[in-house]
Amino acid sequence: MSHLTLPITAQDHTQGPVEAPVTLVEYGDYECPYCGEAYPLLKAVQSALGAQLRFVFRNFPLTEMHPHALRAAQFAEAAGAHGKFWEAHDMLYEHQQALGDHDLARYAHELGLPPTAFGEAVSGQYDARIEADFLGGVRSGVNGTPTLFVNGERYDGPRDYDTLVSVLTELAQRR
């Protein structure tokens, strides 16, 4: 079993309370079809656990297989710089088949981002952040997406709603 080697910091994109008894980290790729399938499941699990769960998303764009993954991650980070990371994250997964530059520029407009946001995204200014997520994933044993860690331990168990909610609820009750 692999361990999360890069600790969670204030720089991470998180939802849920810091003091939550369970932390779920996803290393994801916005163009990955498996991440796309996991997206509504993870949203439902978050909803079910409420304040018992802190969710963390880290970028792991598989650029050799997914030509739009890096640009999508850059877009999400640029949106995050304007306080709209989670809105962009959701939009990217909900429109996973449309991740070209024209699509991302339209999403920036729809999210109400400043006109400069798309230029910021493609400028490379967020590449170090994305690379740090990616390298932290590699050091933690991530070799595909989505990869999940629960309270610092890699989770390779069943990924259906009932099992995940059961496993995470049990962990929350132990704390």
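Here are a few friendly notes on this predicted model, point by point.

1. Ground rules. Residues are numbered from 1 along each chain as its sequence is written. In this predicted model, local features need pLDDT of at least 70 and side-chain atom pairs count only at pLDDT 80 or more, while totals for chains, interfaces and linings use all residues, and side-chain values use heavy atoms, with hydrogens and water left out.

2. The cores. The largest nonpolar core (buried Ala, Val, Leu, Ile, Met, Phe, Trp, Tyr and Cys residues joined through side-chain atoms within 4.5 Å; buried is under 20% relative accessible area, exposed over 50%, partly exposed in between, with a 1.4 Å probe and protein chains only) has 41 residues. Helix α1 (residues 33-49) contributes the most, seven residues; helices here are DSSP runs of H or I of at least four residues, strands runs of E of at least two, numbered from the N terminus. Another core, of eight residues, lies apart from it and includes L4 and L62.

3. R54. This residue of strand β3 (residues 53-59) is buried without a salt bridge (a Lys or Arg side-chain nitrogen within 4 Å of an Asp or Glu carboxyl oxygen). The nearest side chain of opposite charge, D12, is 7.2 Å away; Lys and Arg count as positive, Asp and Glu as negative, with His and the chain ends not counted.

4. Backbone points to check. T145 and P146 are joined by a cis peptide bond, with omega about -5°, and P146 sits in the loop between α6 (127-139) and β4 (147-150). N151, in the loop between β4 and β5 (153-155), has a positive phi near 50°. Most residues other than glycine have a negative phi, and most peptide bonds are trans.
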